[in-house]
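Biologist: I am new to this structure and would be grateful for a close look at one part of it. Please describe the aromatic side chains and how they are arranged.

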Amino acid sequence: MKTHIDKKEKKLNTDTQWQALLENEAEANRYAANCLAVCACVGVVAWLLNIVGIFIIPAKIMNLGMPFTILFFLIPSLLIRFTKGTPAWLKYAIVICGIISIFILSGAMPKHGVLAWAVPLVLSCHYYSKSLTKLTLVASWVLFSASIYVGMYLGEFDLNLIAKEPDITKRVITAKMLIDATLFFVVPRALILLGISSICTTVAARTRRLLERQIKDSEERQRISTELDVATRIQADMLPCIFPAFPECPEIDIYATMNPAKEVGGDFYDFFMVDETHLAIVIADVSGKGVPAALFMVIGKTLLNDHTKPGTDLGDVFSEVNALLCRANNEGLFITAFEGVLDLVTGEFHFVNAGHELPFIARAGGAYEVYKLRPGFVLAGMEEMEYQSGSITLSPGDKIFQYTDGVTEATNANHELYGMERLSKVLAENTDKKPAELLPIVKADIDAFVGEAPQFDDITMLCVSYLKRLKDDGFLLIS
């Protein structure tokens, strides 16, 4: 399969590169055959114009040479039809047919067939092969030179060769005329053909290098895409994704989703039991997008999880995590984050907000409303920051909805933001929905608003419903 690839060009590194060049060769066969078919049509037109007297080439010469010229121009199209354009030998057959056609044309009409010798060289450029172009040049040289001498005896006579002869009506070829033909036609036109071939060789070589570079870039993109797919799965696995989250705990119902704008995102959520009676929820948004944000997300999520301990004030948790993030933040990233810890016995909900969105709270039987609080500064934004926690008391039936700015800043084709007003409306209309029902409704409303516009930011949401209090003498068993 590789035997038709030039020996000096067998330096490609992968099967993908070989396959791409083979596909290009099959496509080049079709293009080259089409080009020669066009040349055949041009020949037919010229023949007809000569018949009606517009051209003044001797009819005998035209009628003898043009049918064979057109035939060899059309043979490649027939070969393509019967071989599907894939055999290794086909490119050589196409180029040879082109050279033979031009040879017949040039032999019959030396004065008119000079420019046509560029056709085989230009055809060879389709194959991105320097050696094929060089081979075409050599074959063209040989038949081009032969066509000059054939034309002196059989073709349309070029009067320039016998301008000094007293009787130009007789075709008497002398040794001197052969020498003059060589010097006047063969050598100069051969040099011109050489110049054209150098351009064609350069084009073929340059285009092949571009193709190889494109193949390598494509392979690199495929490798990166594969790695990003793996990273996406890893990131998804890092977020709690099994629902119901705590089937052994009827006191709470929780659900969360994260839709990254790219393969990997900077948003994250988390929920976990701090101890047997306290549930922690976290939602955060890392500045930036893609892999850097995702890596910083992993660090932030891990630190928040590790430092949230029973009895530890959440303000102190954020202060310590902020100090650690600032020490290793050469990229200047930062995190907006909201964390809350719910006491399942008392309903007391302690929280801390580091520059994050305001949460929505729905009291039992009431609608979701924005809970206004003063956000602190973002995490990893400034060293030695002190964060203050707050608290509210939830009653059975109360719900908390938290989200990232990808929700309110979702943008449609008219550059309009989804906004707090639309979010408040859809939440108010679905207050009675369970968390697992509410979040898909909100996401569907966002999608309907955005339409075909691309997603520019990660969309993350979390909702927790406090269903009933944990009995004072009960223990929540963690599986």
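Modeller: Phe 401 and Tyr 403 are a suitable place to begin, as both are buried in this predicted model. Their ring centres lie 5.7 Å apart and their planes stand at 20 degrees; this angle is under 30 degrees, so the pair counts as stacked.

Tyr 403 also pairs with Phe 360. In this case the ring centres are 5.9 Å apart and the planes are at 50 degrees, so the pair is tilted. The two partners come from separate strands: Phe 360 belongs to β6, which covers residues 360-362, while Tyr 403 belongs to β9, which covers residues 399-403. The contact therefore ties together parts that are 43 residues apart in sequence. Phe 360 has a relative accessibility of 0% and so counts as buried. Tyr 403 likewise has a relative accessibility of 0%, and therefore counts as buried.

These pairs belong to a wider set, for a search of the whole structure finds 13 aromatic pairs. Elsewhere, one aromatic cluster is formed by Phe 243, Phe 246, Tyr 255, Tyr 269 and Phe 271.

The surface may be set beside this picture. There, a patch of positive charge gathers Lys 130, Lys 134, Arg 206, Arg 209 and Arg 213. Two helices, α5 (130-153) and α6 (175-238), each contribute at least two residues to the positive patch. The largest share, three residues, is supplied by α6, and Arg 209 is found in that helix.

Key:
Residues numbered from 1 in each chain as written. Predicted model: local features only at pLDDT ≥ 70, side-chain atom pairs only at ≥ 80, totals over all residues. Heavy atoms only, no water. Phe/Tyr/Trp six-rings, centres within 6.5 Å; stacked < 30°, edge-to-face > 60°. Helix = DSSP H or I, 4+ residues; strand = E, 2+ residues; numbered from the N terminus. Buried < 20%, exposed > 50% of the residue type's maximum accessible area, 1.4 Å probe, protein only. Patch = residues over 30% accessible without salt bridge, like charges linked within 9 Å, V, L, I, M, F, W, Y side chains within 5 Å. Areas by Shrake-Rupley, 256 points an atom, 1.4 Å probe, with all protein chains shown as cover. Salt bridge = Lys/Arg side-chain N within 4 Å of Asp/Glu carboxyl O. Lys, Arg positive; Asp, Glu negative; His and termini not counted. Charge placed at Lys NZ, Arg CZ, Asp CG, Glu CD.
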